[in-house]
Amino acid sequence: MNPRPELCFIVEDLAPARASLMAAAEAAFPGIEVRAFEDLAGARAFVAAGLGPQQPALGLIDLGLPDGSGVDLIRLLAAGYPGTMAVVTTIFDDDGHLFEALGAGAQGYLLKDVDLDRLALYLRRIEAGEPPLSPSIARRMLGHFRAAPSAPAGPLPVDGTPEASLTRRETDVLQLIGRGLRVGEAADVLGLTEHTVAGYVKTIYRKLHVSSRAEAALEAARRGLV
Amino acid sequence: MKSLSQEARQGEPAASFTETTVSVTATVPAGEAAAASQAREPATLMLWVVALCIVAVVGTMWSVLGQPWLGLRFGAGDHGRVLIAAVEADGPAAGLTRGTIVIGLAAEGRGMVALEAQDLTPEPDFISDYAELDRFMARQGALSQILAAPRVVLHYLDGGGARQQLSIQPGERPLLDLPIDFWVQFFTGIGGLLISGWVWSIRPRDWPPRFFIVSGVAMVMSAHAAAIYSSRELALDPILFQWLSAANFLGAMGFGAAAIALFLRYPMPLVAPRYLVWLPVAVAISFAADRLRLFDSQNVARYLPTASEMVLIILAVGVQWYATRRDAAARAALNWLGLTISVGAGCYILIIGAPLLVGGEPYMSQGYAFGFFLLIYIGVALGLRRYRLFAIGEWSFRVLFYGGAILLMLLLDAALLYLLHLEPEPSLGLALIFVGFLYLPLRDALWRRTIARRRMAEPELFRAVIEVAFGASAAERGQRWHALLQRLFDPLELAPLGVPPRMAQLRGDGTELHLPPSGDLGGLVLRYPFGGRELFSLQHLGLARQLGLLMQHAEASRSAYERGVAEERRRISRDLHDDVGARLLTGLHKGDIADTRKILREAIVDIRSIAGALAGDRLPLSTVIADLRHETFQRLEGTGIALHWPLGAEMVGAEGAGAEAIMVDYSLYHHFVSAMREIVSNAIRHAGASRLVVRLNADGDLLTAEVSDDGRGLQGGEGGNGLRNLRDRIAAIRGSIAFPPVPQGTMVRIAIPLRPAAA
């Protein structure tokens, strides 16, 4: 697992939300260094100048920013900064808003409409490798992997098929969560520990990213961009 | 559209359009209206023109071939003597030799009438003095009487200068004996009538073609009259001669007057039609002046009016030239028409009339000079296409072919009948074979070569129709619709239709296609398809009707789509207003900041569900329950209330069972989820509970939910407003709500029917 983050940067255009996110980060990780930006340009400048690729960091990134979409920043971080854990901050946890960001490499999401204590709680869970997963996102993921089970098959040498497709267990987990079960309940149904199921969820996130990237590469090849 | 503006410049389409509208909107019975429009169809009018041609041909031939015939051609010799210029070898006077000097003629047993050179004059107009004219006519009378006798005695001088006599039995004049100048005049008359009549048949309601056909009728009158008397062998009955001479003069005057009228109205209307009535009045006065011999010289009486008309024609052309200075297309049409008429008629006047007026001799045989007039009509026919003279499209050539084929068939039949002396039936058969196997296929082949037919493949057509129907605005749809019709039929005119038909219809002998309105696109009339080169056929009508059906379907789907969009918009606005709006308003009036926060969070949840419902209006019940369960757990997290929501068998079991298979529509799940949220909110806010139990059960027809907490329980008045909301929501989906008594806390039980009420 990632080492405990020593730096947290927040990209959020609404000042009150920015303040409460800063407070939540400080509450979740006492003593952490917190930086906040109100637009993509500021965040990009910071990432380019002050962030080391392997530096353990936490990025809380809003999607709708005045100068673009946070998805672009998430993609940048996922590609070049493996030390950084990118987390989407959002008001809604429905699939429409989040799925693209998760595919781009976000390792979790944070609902902004909850109070400070719960913000901190969720943050710690994500950091501990237990990203949240709503039923609607779980269903959307199932649909994604079902629709593109053989995305890597083809001219592109993708690093091993298992990287981009789900195991039987992972599919089971997604199905149960998609039906409204919580992680603990899914673990009971499958006869696994809660910790194992949470690990599956984390793997699923990563595979979604890999699969999305492969899909994008395939799409680019198909259009003659590479 | 360009064709319309072009149309407005040439001819008088404005007048014809209003006439069309009047004839359609006037309250005449449908049958009469149809009959009236039938009478205006070009092909029908063309048949009348052809009939007039036949009358002219038959009348002329009957007059010429009915005369007694000697088989001699007389010529003027020295000293005013008459000699034989040619002898028909098979004719009645075959024994005579060429160059023989003829003294005179006599009926057998009667006194001889000596021949004079002036008897041979082809055109009595050339005789200037009226007394001399009378004498000429009297001699024609005497000679024609002699020729009408059973045997005619010819007095002549033989090679030695001795006087001889030959008795001849006049025969029938064969067709081939007619001289070339006869045929020039004959075809000038027929050609002029056919071409002008054809132009008129296409645009019978416009003034310029009317003047044009008047000129053609005048021309056939003048030319055929001259053809009859100038090709006489020696003499005609003086009564017939006088009539023919008068007809020739009247025709010439009429032609000039029609040309003046034409240039007073075309290309630019310079004078209102009612003033043109002075032209026939002037013609009548000139005609009367000639008949009453008001002038001293016949040359003046006959050639002064025609020369004056010529001057007026040139003047009118000059004025038109000025009037068309800003209109290049009209100027081009004028140049062509003015040039052909001025040059054609002008050459005739200069060669025949001018020398006579100044007391000289014509420079050319009048018969040949008539050829100039044929050039006028041929020139007009050639210019029709290039300069769009009289606003006539190329398509109208088909009408000319049609009229020409009929006329040719009849002429051929008459010629075969005459020359081969065949029985009527086989002759008609030969003519039919010629027209059917040679002329018509040749014409059709030519036609097909000149028309590049463009067809649109069906998928392309379908896509084009969809593009029309799904245009963003009515104006855009109209524009695309016009463009599609232009592409399919390429009509010269595309105009809105006042009283459109219910179905696409062909009108005007296939020159017009009337289209019914479709959706917000009005009815249209398409005139002269394929750039005016072709007529609308039944195939095109079928295509238009298919197009109409496609448009109907596309319009229906578009309006369904628009209804759906509007419905969705109404739903969003209603839900925003009822749910989010009401909640925010409540929050506004709360004093406690913590309460306000909670209310704001609930408003956010509402927005989420409103936006979430955009994806689809029907969802599996299992999905609805899964999301609600997840959301409820999230909401209770950190509140100190433990949620106990046992999984029903349907939630864990195999896919396709229970709630998985039940689909619920938007209004049901929206109200159900909102009600459940309200219940949970109440528990969080007011109950002071530590535990919440939710039990859901869905059997085929009924969804029941039981929510119980271990809090304070319902207290009178508490949450009254929220409770009423709850009842309203449940009532909206025909459900029931109950609060069964429990030992501790509160229990809410709701039951919602899953099947819609039988309507």
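## A tour from the chain contact to the cores

Begin where the two chains of this predicted model meet: the contact takes 14 residues from chain A and 15 residues from chain B. On the chain B side, select helix H20 (593-612), helix H21 (621-636) and helix H22 (649-652), each of which supplies at least two of the residues that touch chain A. Colour H21(B) separately, since the largest share of this side, seven residues, comes from that helix. Colouring by class instead will show six nonpolar, four polar and five charged residues on the side of chain B that touches chain A.

Now show the whole of chain B as a cartoon, where the secondary structure comes to 24 helices and 19 strands. Of its 759 residues, 37% count as buried, and among contacts in chain B with a separation of 6 or more, 70% are between residues 24 or more positions apart.

For the next stop, select strand S12 (residues 524-527) of chain B and display its side chains: B:Leu524 and B:Leu526 point one way, B:Val525 and B:Arg527 point the other way, and all are buried. Add strand S9 (residues 493-496) of chain B, which runs antiparallel to S12(B) and is joined to it by four bridges; here B:Leu494 has B:Leu526 as its bridge partner. Then add strand S11 (residues 512-515) of chain B, also antiparallel to S12(B) and joined to it by four bridges, with B:His514 partnered by B:Val525.

Move next to helix H8 (residues 238-265) of chain B, whose 28 residues reach 40 Å from the first C-alpha to the last, close to the 40 Å expected at 1.5 Å a residue. This helix is mostly covered, with 21 of its 28 residues buried.

From there, select B:Ala258, B:Ala259, B:Ile260, B:Phe263 and B:Ile313, the residues with the most contacts inside the largest nonpolar core, which has 97 residues. Helix H7 (residues 207-230) of chain B gives the most to this core, namely 16 residues. Colouring by domain is useful at this point, because domain 1 (2-64 + 179-392) and domain 2 (73-172) of chain B both give residues to the core, which therefore lies between them.

Which residues is B:Ile260 in contact with, leaving aside its neighbours within four places in sequence? Centre the view on B:Ile260 and label B:Leu279, B:Glu309, B:Leu312, B:Ile313 and B:Ala316, which are its contacts on that basis.

Finish in chain A by selecting A:Tyr109, A:Leu176, A:Leu181 and A:Ala187, which are included in a second, separate core of 60 residues.

How values were computed
Residues numbered from 1 in each chain as written. Chains lettered and ligands numbered in written order. Predicted model: local features only at pLDDT ≥ 70, side-chain atom pairs only at ≥ 80, totals over all residues. Contact = placed C-beta atoms within 7 Å. Nonpolar A, V, L, I, M, F, W, Y, C, P; charged D, E, K, R; others polar. Buried ≥ 20, exposed ≤ 12 C-beta atoms within 10 Å, placed from the backbone. Pairing = 2+ DSSP bridges. Expected span 1.5 Å × (residues − 1). Core = buried A, V, L, I, M, F, W, Y, C linked by C-beta atoms within 7 Å. Domains from an automatic or database assignment.
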